[in-house]
Amino acid sequence: MEVIKIAFFVLGVFFGENSRIGAEKTTVTVNPNKQTITIVQENIFALIANEADSMQVSSELEKVIARNWRKEIETYPSKSCTFYVTDKGNLNAKIILKYPSENVLRDFALDFNKEAKEFSLINIPDWNVETEDGALKGNYWRFSADDSFTFVVTPFKNMPDKFKGTKRNLKPIWETEKDR
């Protein structure tokens with residue numbers, strides 16, 4: 001497996017190197033036939049402990065709102081990011097990427113085995129991966145490359161107590177930034 005460059009549950013990394021912006025739950029659907037990956041991030045939040053953190057989050061949001069995609073994603077044939085607010089007041093995002101080849105999915109921790117016609121995702125226990133479309137074999141989730149597959153990650157499910165007090169709903173900050 002390649003080094004994981006982009007973690008799909010951290011919004012800011014689609015638009016910059018480091019991020020303080022994450023999602024409680026991320027649903028990833030890969031359609032190998034259409035070469036698309038859809039990433040739905042639910043309950044987007046930021047860790048803000050002080051004014052410097054707040055400024056960093058605002059700066060990240062400016063990049064996100066401007067759709068300043070990171071260089072790895074710039075080469076994708078099409079890409080979109082749509083934000084929406086739920087009835088509960090949570091900010092969600094839906095990112096749809098049309099990828100140029102299976103090899104670029106390594107940035108998302110997805111490896112493609114041409115001979116076996118399957119994708120694999122490293123099993124990192126803290127990601128809390130759930131899926132009905134794959135099977136856990138050894139240290140990897142395996143998915144058939146013949147059909148679409150979906151998995152859900154909830155990496156912040158067991159967040160340490162020291163960070164829980166700095167966790168902020170991103171909707172109010174997003175609303176301020178998008179109106180600038």
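**Exercise 1. A loop residue with an unusual backbone**

Is Ala-109 buried or exposed? Place this residue in the chain and describe its backbone, then do likewise for Asn-128.

*Solution.* Keep in mind throughout that this is a predicted model.

Step 1: Begin with accessibility. Ala-109 has a relative accessible area of 2%. The cut-off for buried is under 20%, so Ala-109 counts as buried.

Step 2: Find its position. Ala-109 belongs to the loop between strand 4 (91-98) and strand 5 (110-113).

Step 3: Look at the backbone. Most residues other than glycine have a negative phi. Ala-109 is not a glycine, yet its phi is positive, at about 70 degrees.

Step 4: Turn to Asn-128. This residue sits in the loop between strand 6 (118-122) and strand 7 (135-137). Its phi is also positive, at about 55 degrees, although Asn-128 is not a glycine. With a relative accessible area of 18%, Asn-128 is buried.

**Exercise 2. The chain as a whole**

Work out which elements make up the chain, in what order they come, and how the overall dimensions fit the chain length.

*Solution.*

Step 1: Count the elements. There are four helices and ten strands.

Step 2: Read them from the N terminus. The order is β-β-α-α-β-β-β-β-β-β-β-α-β-α.

Step 3: Compare the radius of gyration with the globule rule. The chain has a radius of gyration of 16 Å, and the rule gives 16 Å for 180 residues, so the chain is as compact as a globular protein of that length.

Step 4: Add the extents. The C-alpha trace spans about 50 × 35 × 30 Å along its principal axes.

Step 5: Check burial and surface. Of the 180 residues, 44% count as buried. The accessible surface is about 9400 Å², and carbon and sulfur atoms account for 46% of that area.

Step 6: See how far apart in sequence the contacting residues are. Taking contacts between residues at least 6 apart in sequence, 61% join residues at least 24 apart.

**Exercise 3. Strand pairing around strand 4**

Identify how strand 4 pairs with strand 2 and with strand 3, and give a residue pair for each.

*Solution.*

Step 1: Take strand 2 (residues 36-47). Strand 2 runs antiparallel to strand 4, and six bridges join the two. Within this pairing, Gln-41 has Ala-93 of strand 4 as its bridge partner.

Step 2: Take strand 3 (residues 78-85). Strand 3 also pairs with strand 4 in the antiparallel sense, over eight bridges. Here Ser-78 stands opposite Lys-98 of strand 4.

Step 3: Inspect the turn. Strand 3 and strand 4 form a hairpin with five residues between the strands, where Gly-89 adopts a positive phi near 85 degrees.

**Exercise 4. Two threonines in strands**

Which residues are in contact with Thr-26, and which with Thr-38, leaving aside neighbours within four places in sequence?

*Solution.*

Step 1: Locate Thr-26. It lies in strand 1 (residues 21-31), and its relative accessibility of 0% makes it buried.

Step 2: List its contacts. Thr-26 touches Phe-8, Phe-9, Ile-39, Val-40, Gln-41, Phe-151, Val-152 and Val-153. One of these, Gln-41, is the residue whose bridge partner in strand 4 is Ala-93.

Step 3: Locate Thr-38. This residue lies in strand 2 and is buried, with a relative accessible area of 18%.

Step 4: List its contacts. Thr-38 touches Thr-27, Val-28, Thr-29, Lys-94, Ile-95 and Ile-96.

**Exercise 5. Rings and their partners**

How many aromatic pairs does the structure hold? Describe two of them, name the cluster, and find a lysine over a ring.

*Solution.*

Step 1: The count is five aromatic pairs.

Step 2: Phe-112 and Phe-119 make a tilted pair, 4.9 Å centre to centre with 45 degrees between the planes. Phe-112 is partly exposed, at a relative accessible area of 22%, whereas Phe-119 is buried at 0%.

Step 3: Phe-143 and Phe-149 make a stacked pair, 4.4 Å centre to centre with 15 degrees between the planes. Both Phe-143 and Phe-149 are buried.

Step 4: Put the rings together. Phe-112, Phe-119, Phe-143, Phe-149 and Phe-151 form one aromatic cluster. You have already met Phe-151 among the contacts of Thr-26.

Step 5: Finish with the lysine. Lys-167 lies over the face of Phe-45, 4.8 Å from the ring centre.

Notes. Residues are numbered from 1 along each chain as its sequence is written. This is a predicted model: local features need pLDDT of at least 70, side-chain atom pairs count only at pLDDT 80 or more; totals for chains, interfaces and linings use all residues. Side-chain values use heavy atoms; hydrogens and water are left out. Buried means under 20% relative accessible area, exposed over 50%, partly exposed in between (1.4 Å probe, protein chains only). Contact means heavy atoms within 4.5 Å. Rings of Phe, Tyr and Trp (its six-membered ring) pair if their centres lie within 6.5 Å; planes under 30 degrees apart count as stacked, over 60 as edge-to-face and the rest as tilted. A charge sits over a ring if NZ of Lys or CZ of Arg is within 6 Å of the ring centre and within 35 degrees of the ring normal. Two strands pair if DSSP finds at least two bridges between them. The radius of gyration is taken over C-alpha atoms; the globule rule is 2.2 Å times the number of residues to the power 0.38. Accessible areas come from the Shrake-Rupley method with a 1.4 Å probe; for residues, only the protein chains shown count as cover.
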